[in-house]
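Let's take a walk through a protein chain together. Keep the picture handy and look things up as we go.

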Amino acid sequence: GEPVASVNGDDITKAEWAAIKAITLHGCVADARITALTLCIKDCKGKDATASGDDGTITAAMRTMIANLPAGTAFTVKVTVKDAKGKVWEVPDAEFVWRG
């Protein structure tokens, strides 16, 4: 199985967002780890706001960026995943809708 980044599903509430400390991987590549995390408002294609980090931790900037969104706004979580040998694993972007 390939690693999958996951949070809580498609809709995310303020309480759920506050409870998430980091994005986690689920899959059977035991030594895979997140080496980059980017949150983008909407779909990461345009010039919408982004916040990035160098592991799976949700940073203060990311928390603030999402918490300030109007309810119903979509955002995308992108991760870069590597295993101990440095192989990059493709992980699908996760899309969420902020419920506020």
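What follows starts with the whole chain and then moves to some of its parts.

## Before we start

This is a predicted model, so local features need pLDDT of at least 70 and side-chain atom pairs count only at pLDDT 80 or more, while totals for chains, interfaces and linings use all residues. Residues are numbered from 1 along each chain as its sequence is written, and side-chain values use heavy atoms, with hydrogens and water left out.

## The whole chain

The protein chain has two helices and eight strands. These are DSSP runs numbered from the N terminus: helices are H or I with at least four residues, strands are E with at least two. Going along the sequence, you meet them in the order β-β-α-β-β-β-α-β-β-β.

How does the radius of gyration fit a compact globule? For 100 residues such a globule would come out near 13 Å, and the protein chain has 13 Å, which agrees. (That radius is taken over C-alpha atoms, and the globule rule is 2.2 Å times the number of residues to the power 0.38.) Along the principal axes, the C-alpha atoms fill a box of roughly 40 × 25 × 20 Å.

Of the 100 residues, 32% count as buried. Buried means under 20% relative accessible area, exposed means over 50%, and partly exposed is in between (1.4 Å probe, protein chains only). Now take contacts, meaning heavy atoms within 4.5 Å: among those between residues at least 6 apart in sequence, 60% join residues at least 24 apart.

## Helix H2 and its cover

Which residues of helix H2 (residues 60–67) are buried? They are Met62, Met65 and Ile66. Looking down the axis of H2, these buried residues fall within an arc of 90°, so they line one face of the helix. The arc is that of the directions from the helix axis to the C-beta atoms. The cover over them includes helix H1 (14–19) and the strands S4 (33–41), S5 (50–53), S6 (74–82) and S8 (94–98).

## How the strands pair

Two strands pair if DSSP finds at least two bridges between them. S4 pairs with S6 in the antiparallel sense over eight bridges, and S4 and S5 also run antiparallel, joined by four bridges. Try finding Leu37: its bridge partner in S6 is Val79, and in S5 its bridge partner is Gly53.

S6 is joined to S8 as well, by four bridges in the antiparallel sense, with Val77 partnering Ala94 of S8. Strand S2 (residues 11–12) pairs with S8 in the parallel sense over two bridges, and here Ile12 has Trp98 as its bridge partner.

## The two faces of S8

In a regular strand the side chains alternate between the two faces of the sheet. Along S8, Ala94, Phe96 and Trp98 point to one face and are buried, while Glu95 and Val97 point to the other and are not.

## Two residues to look up

Is Thr73 buried or exposed? Thr73, in the loop between H2 and S6, has 16% relative accessibility and so counts as buried. Leaving aside neighbours within four places in sequence, Thr73 is in contact with Ile41, Phe96, Val97 and Trp98.

Ala15 has its place in helix H1, and at 60% relative accessibility Ala15 counts as exposed. The C-alpha atoms of Ala15 and Phe75 are separated by 17 Å, with the two residues 60 apart along the chain.
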